[in-house]
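Thank you for sending this for comment. Please have the sequence and the structure open while reading, as the points refer to both.

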Amino acid sequence: MVQHVRRLLTCMCLAVTACVQACLSRLEYHDGVPLLHVDHCSSHFDLGQLQGSTFAHLVRARVVDSLALQAALTFVATPRGNALLQELKQMHQTQFPHAWQELQGLATGALLPFDTLFVLNLRQEFSAVVARASELAEDAVQHVGGAAADGEGCSDVLVSFKTPPTDSALLCQREAHQHVLSTGSNTQDYGACHGEGRNLVKEAQRAQQTQRAQHAQQTQQTQHAQHAQQAQQAQQDSAIGSLLGHNEDVGSDVVGRMYMVRAEMEGLPTWLALCYPGELASTAFGASSAGFAFTLDALYPQKLVLPGWGRNFLSRALLEIPHLASAMDLLTTPGQATGRSVNLLDLTNCGLKNIEVAPGGNVSVASIAEGEWMFHANAYQRMAVPMQESNSSAHREAVASHYGRPVSGADVLRLLGDDSDAKFPIYRRGDSPDTGISTMCTVLMECQAGRTTYASLMTGNPRLGHVMVKLDLHTLMPVENRPIQLDLD
């Protein structure tokens, strides 16, 4: 008996040790929003199971409340729906083995059937079939009608600019210049100028030598030339910067149930993402140690390609690419079922791109050049793709067209918080006729080349500037957890 107990305890210890070795995790809250840290994970199944067990109550509640999911599950219970389900399962298991294993773990952790969460992760694709089930033929690839475009959606603001030196930096530059002219000092760290002052010191010293050898009139000309050089240097010292703001608009089954995950996987980039309960990361926004961040918007083409690759599986794969250059290969994958809009932020040089994806995998890429900006809702802007009519997108775009180019994060938040349209505002509250959809949260990413890029996650109208958590997008770790007040007046 004693030996049996010892063997049992030994097995239990080995099981616990194996679990700890597979993944280490900790859960923290930021103003009520959970952030699950998963470290040193070697198994995608274990990563999914940790998410599923940690947030089982949120996942299970959403499954019950999601009307779209219930309609899709009713459809896949029919012979035609089940045939499509089996075909989609086979192709996704083959093409996306990591995401497949992760979803298996998520279902296991949440104590739910795998098929339920698989259908949930292809809810937009199945919603299209449910809407036009009678049009679905039995050939290998079919085009079916799209889902309603006034469903869940998002708004994005992309801004690229050149950040001028601050007034204090310009003052430092002038003081350093005058300091060398008057003293001949070779000080390398004069005043508060540091980097700004050093190059100007050398320029001023060369100018001083010229002064001693030239006539007073020539000296005066040289001084004027030096001031011009200062202005040119100040322009060169300015840095490329960008802003990416995003409203996450969701249905009532998601409101109040979001969570974040930060995951370290052996041999893969570390990533951080906002997650919908029961779904793969992320159809909202995320960032990767491979050097980029992204936000996503649903697009609603009239025709979808089914069976085809689901947007959730493609988004999860985006978090595993080794570098940003691989993103376009993934985003142009042939055979994609539906459309979407992807906003990519390069964390190295602050470059911004908007990529519109059409069913099948055709794309249109818009790079946001210095001095340009873009507002994007849930409608194609550059591709001739027939779309479902969207009152909300049309209204949001009309409101945004009256705004000038944002020049600060506060300007971006002012636009994303605009609720002046009584029917279909940018900041959505779920009121009729925009029923059932509300802005769950807003994220503002602020990038300046050569400096840390931050993402501020907010709830409530972003004009109020209430930040739940501020994230360093290079370390993918929280750096602040306190409300801030932005001067928006």
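The numbered points below go from the chain as a whole to its sheet, and then to a helix and one of its residues.

1. The model is a predicted one, and the remarks here should be read with that in mind. Its protein chain has 15 helices and 18 strands, and buried residues account for 54% of the 489 residues in that chain. The accessible surface comes to about 20900 Å², with carbon and sulfur atoms contributing 53% of this area. Among the contacts in the chain with a separation of 6 or more, 66% are between residues 24 or more positions apart.

2. Nine strands make up an open sheet with mixed pairing, and their order is β1-β2-β6-β7-β8-β9-β11-β12-β13. The edges are taken by β1 (24-30) and β13 (363-367), and because each has a single partner strand, one side of each is left without a neighbour in the sheet. From one strand to the next, the twist averages 15°.

3. At the β13 edge, the pairing is with strand β12 (residues 352-357), in the antiparallel sense and over five bridges. Within this pairing, Ile355 stands opposite Val365 in β13, which gives the reader a convenient pair of residues to look up when following the two strands.

4. Elsewhere on the sheet, helix α2 (residues 44-54) lies across four strands, namely β1, β2 (33-41), β6 (259-265) and β7 (271-275). With respect to β2, the helix runs at about 155°.

5. Strand β9 (residues 292-298) deserves a paragraph of its own, since seven of its seven residues are buried. Which of its residues point one way and which the other? Phe292, Phe294, Leu296 and Ala298 point one way, whereas Ala293, Thr295 and Asp297 point the other way, and all of them are buried. As a general matter, side chains in a regular strand alternate between the two faces of the sheet.

6. On one side, β9 is joined by four bridges to strand β8 (residues 285-288), and these two strands run antiparallel. They form a hairpin with three residues between them, and in the turn Gly291 has a positive phi of about 105°. Ala287 stands opposite Ala293 in β9. The pairing of β9 with strand β11 (residues 340-346) is likewise antiparallel and extends over seven bridges, with Phe292 standing opposite Asp346 in β11.

7. Helix α7 (residues 114-121) is also mostly covered, seven of its eight residues being buried. The buried residues in α7 are Phe114, Thr116, Leu117, Phe118, Val119, Leu120 and Asn121, a list in which Thr116 and Asn121 appear alongside Phe114 and Leu117.

8. Why is Asn121 classed as buried? Its relative accessible area is 1%, and because the cut-off for buried is under 20%, Asn121 falls within that class. This residue of helix α7 has polar partners for its side chain: a polar atom of that side chain lies 2.8 Å from the backbone nitrogen of Leu280, and a polar contact of 3.1 Å joins the side chains of Asn121 and Asn312. Leaving aside residues up to four places away in sequence, Asn121 touches Leu103, Gly278, Glu279, Leu280, Asn312 and Phe313, so that Leu280 and Asn312 appear both as polar partners and in the list of residues touched.

Technical notes. Residues numbered from 1 in each chain as written. Predicted model: local features only at pLDDT ≥ 70, side-chain atom pairs only at ≥ 80, totals over all residues. Heavy atoms only, no water. Buried < 20%, exposed > 50% of the residue type's maximum accessible area, 1.4 Å probe, protein only. Pairing = 2+ DSSP bridges. Contact = heavy atoms within 4.5 Å. Areas by Shrake-Rupley, 256 points an atom, 1.4 Å probe, with all protein chains shown as cover. Polar contact = N/O pair within 3.5 Å; in protein donor to acceptor, adjacent residues only side chain to side chain. Axes fitted to C-alpha atoms, helices over the stretch in contact; angles between N-to-C directions.
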